[in-house]
Amino acid sequence: MEITYIKIINYRNLNGLEVNINQDINFIVGENNIGKSNFQNCLLKILSGKAFQKDFTDESQRIVVEMTFHLNEEEIGIFDDLVDPMNREMINIISIQENLDEYIKYYHKETGETIPSSLIKRVNIIVLIFIIISSFNHIENSPFHYLNKQRGKISHGIRKKFRFF
């Protein structure tokens, strides 16, 4: 699964943010305190199933993150009939955390059907990271050149943190 779209509501300073994500490579750049780390932290919490804590812009409102994922052939079967009716290779998921005492819950956008968090955790961020690293591997002075040499350690750390096997 690859994220292709995300819309964030009531999360830190990213309230109302909508981003179309390129399947090849994405750069998040900007001045300090603009939300680069907040965007990364939001994605990590959503994809790992961890609850938002002091992340609510307004604690009286829920955090909502709407996402669209591109699915490969094997993943289409995992989600049964929950794929996008206009494009079977896509699925639209809404994640919601009502308040500080709740956990994130996932729903199919079109039907409202609950989606188990275990399916969301299958998002393949490891492949995304290695695509980025591998794209720059041939450039000797690139910061990714060093990372590519360390990718075994990076992979182990990511798999351990998010329990990917």
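**Figure 1. Order of the secondary-structure elements along the protein.** From the N terminus on, the elements follow the order β-β-α-β-α-β-β-β-α-α-α-α, in what is a predicted model. The protein has six helices and six strands, and 39% of its 165 residues count as buried. Among the contacts in the protein with a separation of 6 or more, 55% are accounted for by residues 24 or more positions apart. The protein exposes about 10300 Å², and carbon and sulfur atoms supply 50% of that area.

**Figure 2. The largest nonpolar core, with the residues that touch the most other members.** This core has 30 residues, of which I46, F52, V65 and I115 touch the most other members. Two or more residues come from each of the elements β1 (2–9), α1 (36–48), β3 (63–70), β4 (90–97) and α3 (117–120), and the largest share, five residues, is that of α1. Around I115, once its neighbours within four places in sequence are left aside, the residues in contact are F79, L82, I91, I93, Y106, Y107, H108 and I120.

**Figure 3. The aromatic pair of Y11 and F52.** A search of the whole structure finds one aromatic pair. Y11 and F52 form this pair, which is tilted, with 5.2 Å from centre to centre and 55° between the planes. Because Y11 lies in the loop between β1 and β2 (17–20) whereas F52 lies in the loop between α1 and β3, the pair ties together parts that are 41 residues apart in sequence. Both partners fall under the 20% limit for burial: Y11 is buried with a relative accessible area of 0%, and F52 is buried with a relative accessible area of 2%. F52 is also one of the residues that touch the most other members of the largest nonpolar core.

**Figure 4. N10 and its polar contacts to backbone oxygens.** N10 lies in the loop between β1 and β2, and it counts as buried at 4% relative accessibility. The side chain of N10 reaches the backbone oxygen of Q61 at 2.9 Å, while a polar atom of the same side chain lies 3.3 Å from the backbone oxygen of R62. With neighbours within four places in sequence left aside, N10 is in contact with N15, D55, F56, T57, D58, Q61, R62 and I63, a list that thus includes Q61 and R62, whose backbone oxygens are described above.

**Figure 5. Strand β5 and its two pairing partners, β4 and β6.** Strand β5 covers residues 105–108; four bridges join it to β4, and these two strands run antiparallel. Within this pairing, S95 has Y106 of β5 as its bridge partner. Two bridges join β5 to strand β6 (residues 114–115), again in an antiparallel arrangement, and here Y107 stands opposite T114 in β6. The hairpin of β5 and β6 has five residues between the strands, and in this hairpin G112 takes a positive phi near 80°.

**Figure 6. The two faces of strand β5.** In a regular strand the side chains alternate between the two faces of the sheet. In β5, Y106 and H108 make up the covered face, whereas K105 and Y107 make up the uncovered one. Residues of both faces are in contact with I115, including Y106 and H108 from the covered face and Y107 from the uncovered one.

Technical notes. Residues numbered from 1 in each chain as written. Predicted model: local features only at pLDDT ≥ 70, side-chain atom pairs only at ≥ 80, totals over all residues. Heavy atoms only, no water. Core = buried A, V, L, I, M, F, W, Y, C linked by side-chain atoms within 4.5 Å. Buried < 20%, exposed > 50% of the residue type's maximum accessible area, 1.4 Å probe, protein only. Contact = heavy atoms within 4.5 Å. Pairing = 2+ DSSP bridges. Areas by Shrake-Rupley, 256 points an atom, 1.4 Å probe, with all protein chains shown as cover. Phe/Tyr/Trp six-rings, centres within 6.5 Å; stacked < 30°, edge-to-face > 60°. Polar contact = N/O pair within 3.5 Å; in protein donor to acceptor, adjacent residues only side chain to side chain.
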